[in-house]
Amino acid sequence: MAMRSNGGFNNGNATIETIRITRPLKVIALICGMLVIVLMCMSLMSTDWLMAAGWRQGLFEHCVSEFAPTPLPFNVKHFGTGAACYPARSFAYIRVAAILCIVTLVMDLIASLLTGLGIRSKDNRTKRKFYKGGVYFMVLSLLSLLTALIVYPVFFFFELNQGNRQVWEFGWAYGVGWGASIFLFGGIVLLLLDKESEEVYYKERKVTSA
């Protein structure tokens, strides 16, 4: 809770001050939204969604390490002998997961913008409208991300018999997606909390001077 004096006037030995009190919940919700932006950018750019010996797969690329055991997963051809990255395989579940993660990022950007505008607004009605819009977009963002995080491993399971590897594991980029979903859920809860009360309000206090 931040307090700031907006001025006052003297009346004998007493001073009436107007105090501005700002609740921090919506600020924390905005921080959550901004963290999601960072995490989703990291996850989208990484190839460490799915990993096995000599193989890394992301949403837009897959990479083959130098001296990777052959045959490569999913009968992929490796041109050359060194490490190299290639465009992602054209499987529907990979494309769907990539599109949903992009939707997540865009929806969260809009939600964060609306939350920031709500924090800046001095009109309580306008504040509530911005926060309400922020909640809607954050919910859409969360649903898109959860769908991507579920679709990706489920449909990968159906092509596992072509993987040519005994051990598969999900990498840090996939885990970052789940981390982003936690922050999205937290942002939604914070925007919904205390929604009926004024986010910024004024009160007067009497200060007696010596």
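## Helix packing exercises

Ile28 is found in helix H1; helices (H or I, at least four residues) and strands (E, at least two) are DSSP runs, numbered from the N terminus. The model is predicted: local features need pLDDT of at least 70, side-chain atom pairs count only at pLDDT 80 or more, and totals for chains, interfaces and linings use all residues. Residues are numbered from 1 along each chain as its sequence is written, and side-chain values use heavy atoms, with hydrogens and water left out.

**Exercise 1.** State how many helices and strands the protein chain has, and in which order they run.

*Solution.*
- Step 1: The count is 4 helices and 8 strands.
- Step 2: Starting at the N terminus, the order is β-β-α-β-β-β-β-α-α-β-α-β.
- Step 3: The protein chain has 210 residues, of which 43% are buried. Buried means under 20% relative accessible area, exposed over 50%, and partly exposed in between (1.4 Å probe, protein chains only).
- Step 4: Among contacts (heavy atoms within 4.5 Å) with a separation of 6 or more, 70% join residues 24 or more positions apart.

**Exercise 2.** Compare the expected span of H1 with the distance between its end C-alpha atoms, then do likewise for H4.

*Solution.*
- Step 1: The expected span of a helix is 1.5 Å times one less than its number of residues.
- Step 2: H1 has 21 residues, so a span of 30 Å is expected; the end C-alpha atoms lie 31 Å apart, which agrees.
- Step 3: H4 (residues 172-192) also has 21 residues, so 30 Å is expected, and its ends are 30 Å apart, in agreement.

**Exercise 3.** Determine how H1 and H2 are oriented to each other and which residues form their contact.

*Solution.*
- Step 1: The axes of H1 (residues 25-45) and H2 (residues 92-120) cross at roughly 155° and come within 9 Å. Axes are lines fitted to C-alpha atoms, for helices over the stretch in contact, and angles run from 0 to 180 degrees between N-to-C directions.
- Step 2: Angles under 35 degrees count as roughly parallel, over 145 as roughly antiparallel, 65 to 115 as roughly perpendicular and the rest as oblique. H1 and H2 are therefore roughly antiparallel.
- Step 3: The crossing of H1 over H2 is left-handed, that is, the near helix is turned anticlockwise from the far one by less than a right angle (clockwise would be right-handed).
- Step 4: On the H1 side the contact includes Leu30, Gly33, Ile37 and Cys41, and on the H2 side it includes Cys101, Leu105, Asp108 and Ser112.
- Step 5: Sorted by class, the contact of H1 with H2 holds 14 nonpolar, 5 polar and 2 charged residues. Ala, Val, Leu, Ile, Met, Phe, Trp, Tyr, Cys and Pro count as nonpolar, Asp, Glu, Lys and Arg as charged, and the others, Gly among them, as polar.

**Exercise 4.** Carry out the analysis for H1 and H4: give the orientation and the contact residues.

*Solution.*
- Step 1: The axes of H1 and H4 are 8 Å apart, at an angle of about 160°.
- Step 2: The two helices are therefore roughly antiparallel, and H1 passes H4 in a left-handed crossing.
- Step 3: Contact residues include Ala29, Cys32, Val36 and Leu39 of H1 and Val176, Ala180, Phe183 and Gly187 of H4.
- Step 4: The class count for H1 with H4 is 17 nonpolar, 4 polar and 1 charged residues.

**Exercise 5.** Name residues of H1 and H4 that are buried, and the elements that pack against them.

*Solution.*
- Step 1: In H1 the buried residues include Lys26, Ala29, Gly33 and Met40, and H2, H3 and H4 are among the elements that cover the buried residues of H1.
- Step 2: In H4 they include Tyr174, Gly177, Ser181 and Ile188. The buried residues of H4 pack against H1, H2, helix H3 (124-158) and strand E7 (169-170).

**Exercise 6.** Classify Ile28, Leu25, Leu109 and Ser144 as buried, partly exposed or exposed.

*Solution.*
- Step 1: Ile28 has 38% relative accessibility and is therefore partly exposed. Its C-alpha is 7.5 Å from that of Gly187, 159 residues apart in sequence.
- Step 2: Leu25, also in H1, is partly exposed at 25%. Leu25 and Val189 are 164 residues apart in sequence, with C-alpha atoms 9.5 Å apart.
- Step 3: Leu109 belongs to H2 and is partly exposed at 42%. Between Leu109 and Phe137, 28 residues apart in sequence, the C-alpha distance is 8.8 Å.
- Step 4: Ser144, in H3, has 11% relative accessibility and so counts as buried. Not counting residues up to four places away in sequence, Ser144 touches Leu100, Val103 and Thr104.
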